[in-house]
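Open the model in your viewer and keep the selection panel at hand. The stops below say what to select and what is there.

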Amino acid sequence: MVSFIVRRMLLAIPTLIFISFISFVIIQLPPGDYVTAYAAQLRNAGDYITKAQEEMMRQQLGLNDPMLVQYWRWISNIVFRGDFGFSLEWNKPVGELIWNRLGLTLAISSLSLVFTWIIAIPVGVYSATRQYSVFDYVFTIFGFLGKGIPDFLLALVLMWIGFAYLQMDVGGLISPQYENAPWTIDKVLNILSHLWVPVVVLATGGAAGLIRVMRANMLDELGKPYVETAYAQGLSERQVVWNYPVRVALNPFISTVGWSLPALFSGDVITAVVLNLPTTGPLLLQALKMQDMYLAGSFILILSVFTVIGTLISDILLAWFDPRIRFA
Amino acid sequence: MTDQAIETPQPVSSSAKEDLYTAKPWTLIWRRFKKHVLAVISMWFLILLALTGLFADMVAPYGPFEIERLRTLAPPTSVHLFHEGEFVGPFVYGLARERDPDTARVIYETDKETVLPLQFFVSGDEYTFLGLFRTDFHLFGVDDRREQINLLGTDDLGRDVFSRLVHGARVTLSAGLVGVIFAFVLGLALGSISGYFGGWIDSSIQRLMEFIRSIPTIPLWMGLAAALPIAWDPILVYVLITIILALIGWTHLARVVRGQFFAIRHEDYVMAGKLAGASEFRIITKHMLPSMTSYIIAALTLAVPEMILGETALSFLGLGLRPPVVSWGVLLQDAQNLRSISLAPWLLTPGLAVIMTVLAFNFLGDGLRDAADPYGQ
Amino acid sequence: MANTSLLENRLIELDNVQVHFPMREGVVKAVNGVSYHVNRGEVLGVVGESGSGKSITARSIMRLLPRNAREAGGTIRFSPRPEEQIELSALGRNSRAIRKVRGNHIGMIFQEPMTALSPVHTIGTQITRTIQLHMQMDRAAARKRAAELLAKVHMPRPEQLLDAYPHQLSGGMRQRAMIALAISCNPALLIADEPTTALDVTTEAQILTLLKELQSELGMAIVFITHNFGVVADIADRVSVMYLGRIVETATVDDIFYAPKHPYTRALLRSIPRLGVDQGRRLPTIPGMVPDPFSVPQGCPFNPRCEHARRGLCDVDMPEAHSFANGQISRCHFAEDFLKEAVNV
Amino acid sequence: MSDAPAHGPAAPAMPDDTLISVRGLKKYFPIHAGWNRRHVGDVKAIDGVTLDIKKGETFGLVGESGSGKSTVARLMLRAYPVTDGQILFRRADNSIVDISHMRESELRAMRREMQMIFQDPYSSLNPRMTLLELIGEPLVIHGVGTQAEIRDRVAELLSVVGLRPEYLQRYPHAFSGGQRQRIGIARALALNPSFIAADEAVSALDVSVAAQNINLLQDLQEKFGLTYLFITHDLGMVEHISDRIGVMYLGRLVETAPTDDIFTKPLHPYTEALMAAVPQPDPKGNRARKRVPLKGEIANAANPPSGCTFHPRCPYAEAKCSTDEPELRMVTPNRQVRCHFAEKLDLIGVRQ
């Protein structure tokens, strides 16, 4: 077990290095740089700067150095000093910009994950044990729909419904009047009334997929001889199903937690843009469009790191849950 | 060898059974597939959609960029059959444009007086048919040049949403298909190398796939897509976007291919082929590939919707295809804020088209997957 | 027929049990009127080739038929104690009454010890759960009993192996654990469905010896299902031979092997190569093959392959069960003829 | 013909009546362990097997699962690469070749002369090929005959194995297990091989079907002068069909002998135990025989016991057995055994 964890962790290190490099390269890919984008923005606003000024800016920001040098400067600051660099556009340290939003992203993602599981596991078990029943068909259709509807579209529609029929302003995370108000029950309720949309959007997509996975796993397991053995002991259907096949069917499920994290982050990015949430999504989009390299790079890096860690955790969880892996 | 009469004495029982016994694998797959009603319906829907996309210029009554300044955000016109209780065949009413005296906002009123019979195979705007010749032939339309038929309404520039949707189908569907083809080539190459050679080659390719899967898709797509300069040729952007989609999508296909390779490589019949003296090439082409194709086609079908969703999402965010290219994702950009949706909900119809197409591909893929193993039971 | 003294001795009785499977191609009558009984403390061997319906019959005792099965009739009476009688065939699949029988009065062991135990629970957990379910015991007492059971099935280091997972054990050890699980509540009947088929001969011998030992020690009856005539000769007191969903012959083990009175039994026995005898001779075979379950022949199902079959009789009438004085029962029109014939098997 | 051997100084040679001769055959699989997956040892799946099979005979190979009997057969047909040892084969032109380290391209020609029948009649036939394609495949590969000739040959092969020639266009799913096994046999026969390895060829079949197929195999042997390597765990079957028998334990042969001798008087305790373990379809005989089951189970090949690998289970083991490894040695001209005390022990067979 220990050797298993150690091996997984050691494997994660090159992955992380590679990811950080890729993140950096990706943001370097666009022709031009922040200064070009900045100049273009100024031109649009009717202002302009000279070529010499542009060049000086580049010099200042170190944009003329070879890519590897820039990469090293960036990553070594992160690793050794926890400094993610400076957002060129916001004129603030990246760290300051990121952490709040990242916390919110994580909160929404984990909340959605919990909802996904709460929905997907019982429904999957039900669908499998009552295969071809009316509700099985209903859930199957839900599953397909959930997979077919793009997150952003669902967010749009929910927002529209909330706006047009429920007289709710569901965009953003908080109504303007509460923004600077002290923490009260009302403020919390207000946040919750905004929060349900992204959570529903993210959980629907996730749950739809996981219900299918859980149902398929359960159907596999229900046909296995050990289930018959359990029935032959005189256990009731509920005891058999929840103690045996569910327990085994959850294993591949656990291993997908890690995989579902990237999906949730991805979903969050796009949903947040639509819903105008103060999470990482809109900031990342803006940073990418502006070629705000340190900001965008740090975002992609951090999201990827979370994902790698998520995968690692689910690997370890899986090994912990499944004795066949633990003792292998 | 007298007691070798293993045959049952009666002759070949019925021709139906013999037919089953000698049916080609693909015939059996088709027979099984046909039993999935939903999958068959989806298949026809997609065929129809593909034809519509292919002949978009003809199916659409108007060009995708044709602006009608006096018909901005017009609601969908519905097709009627009876005018004042009298059957007159399919027709639409005219549309009267007024201004709300209080808010000065444009409102449209159905003009119950003007009956515009729906004409089929009419001449309209000129276009180049499949890049071959100029023609002005359209599937349907109305005769009156001053009036329009907008089955799905118009957008804020007065462009016909239905026409744009039909043109968008061409781009979105082909982006999905081309993306899948790129992904498939990558997946097939790496998956079969991985599955066939095993060992360290396999594990390093596995690592690479794990790595790619561990990157959050949309941020990566966004990062890559943001690298495409705005000024580039739309066609080039289109190709690059499909490649970006494929770069991430291939891992899934590679897993399927590799899994199949592993499963089949350890079948006894592959060993039997080897012992019969078959070359590697023959084993792969005669034994392994034929038994994998049906699974792979199913997997490909299931991968198309992923690509379509990817394209739509990127374009919606403004990172993928950009106007003047017309794709469903680009069309959905118009529906980005609540104001326009509540004013003109028909702008969401491209979203409906995405959902239906994605569902159809999923049903089709599911049906194919279930039918892929005709010897399962 | 049924006098009291006999009934008192009788543990379970199947009467004309039928199980059908509706399929697209037609109805498969997997069990088509099976009747047999098992006396207390007796081993009944049920032999037959694959598809003869022997496992399905056993599952209908436990009410554990596959979901697509249709019970088409017959009664199963079970008497765990002489004064108690339960009509199992009347109990629902998930009824409380059948759950009190399963694992408690009737234990069951399966062919694949690898897959018949839960892979994610220890042996100990699985056994104590059954003990706690049926015997009013606390956790510690149940665990103690589980360890005793492992010792009883001759598992080394029973205390330690309680905490082992099935995948950590060898095939033979797993089957021992399975047996410990099945006998954990001192059942009156043990149903063993091909328990040694997946094992090597040396392990098979160990398991057979163990089952015989447990049977005499605990006084339980066993229904032993197998396709192996050697195994059945070794363990059974009486034997029922099945063909195409029917019992064609039932008799004591000696009568089955030395005086079979059904052509199918006789032909099968002749076709088995035996160790130490008749080496090098050609194996006499049964012509043809088992018909597919959708087109079971008219009359006696064995008639197209039978060397004694008579046209106009065997392919028309389903033979009745002929009972002999020694208790032997054969479903053949010519059963009486085999009485005179010299035994040459 | 230069048959310069890859191994050993002398040109490959074997007695005139021998078809195939295996010498010191080894197959190791590396074990990797620890976080860095380093090589910590080998599973010695096959550890020095030596045996000769004479032309036209049936050599039975028995043993528990995990003893390596299937692996030996597959190595002899070079389905896997060999770790070490020689496999000498007498070709149709009477030349002798060592195929143990031949390259795949050279082996292709050899495949005509040695074939295999598989245990699982379901997975060994490609479900997407008709009988014509399946049975005709070896002919196509080796370029034997035109399409029409191949068709005729396949029809002929079908009737040889007792199937209707009209079934040419059918797919395997139309057939039962026993019939599929016959299709496999027809395929193996297509190129007129001289040697056939039958790996548990009847184990998966029902009693009555197994008997039909065993008879078929014997008829074919007589008709075409085939040599069989017959692998099974069914001692009754192996006694019925084999001329000589090899008993395997943990990747090694522990005894080889003519069938009659071994069943009358085994020389290795494992052979005796194996015979005693098999329950006979003879209730009275079973009661009369004293049957003490062998204790324990076959050891793990990754970590075999010291000395004689059988000693932990052997009822006759002495101190020497746990330290000294016995050699496979000739006891009488046609019997070999791997036991220190073969001569001293008075073991009981199943025949008088």
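Select domain 1 and domain 2 of chain B: between them they bury about 660 Å², 71% of it on carbon and sulfur atoms. Buried area here is the accessible area (1.4 Å probe) that two parts lose on being put together, summed over both. Within domain 1 of chain B, show B:L73, B:L152 and B:D155, which lose the most area to domain 2 of chain B and together make up 64% of what that side buries.

This is a predicted model, in which local features need pLDDT of at least 70, side-chain atom pairs count only at pLDDT 80 or more, and totals for chains, interfaces and linings use all residues. Residues are numbered from 1 along each chain as its sequence is written, chains are lettered from A and ligands numbered from 1 in the order in which they are written, and side-chain values use heavy atoms, with hydrogens and water left out.

To set the selections, use 68-156 for domain 1 and 163-372 for domain 2 of chain B; these bounds come from an automatic or database domain assignment. Nine residues of domain 1 of chain B and eight residues of domain 2 of chain B take part in the contact, where contact means heavy atoms within 4.5 Å. The C-alpha centres of the two domains of chain B are 38 Å apart.

What polar links join the domains? Between domain 1 and domain 2 of chain B there are zero salt bridges (a side-chain nitrogen of Lys or Arg within 4 Å of a carboxyl oxygen of Asp or Glu). One residue pair is in polar contact, both at pLDDT 80 or more. A polar contact is a pair of N or O atoms within 3.5 Å; within protein, one must be able to donate a hydrogen and the other to accept it, and residues adjacent in sequence count only if both atoms are side-chain atoms.

Now show the whole of chain B, with 13 helices and four strands. Helices (H or I, at least four residues) and strands (E, at least two) are DSSP runs, numbered from the N terminus. Along its principal axes the C-alpha trace of chain B spans about 100 × 60 × 40 Å.

Next, select chain C and chain D. Here 45 residues of chain D are in contact with 45 residues of chain C, and the area buried is about 3,700 Å², with 54% from carbon and sulfur atoms. Two salt bridges cross this interface. To see a salt bridge between these chains, pick C:D254 and D:R287, whose closest N and O atoms are 2.5 Å apart. Chain D and chain C also have 14 residue pairs in polar contact, both at pLDDT 80 or more. On the chain D side, helix 6 (207-224), helix 7 (235-241), helix 8 (259-264), helix 9 (269-277) and helix 10 (283-288) each give two or more residues. Helix 6 of chain D gives the most, with eight residues.

Hide chain D and keep chain C, which has twelve helices and twelve strands. The C-alpha trace of chain C spans about 65 × 50 × 45 Å along its principal axes.

For the last stop, add chain A and pick C:R59 and A:E228, a salt bridge with its closest N and O atoms 2.5 Å apart. C:R59 lies in helix 2 (residues 54-62) of chain C and A:E228 in helix 9 (residues 225-232) of chain A, so the pair joins two chains. Over all chains, the count comes to 39 salt bridges.
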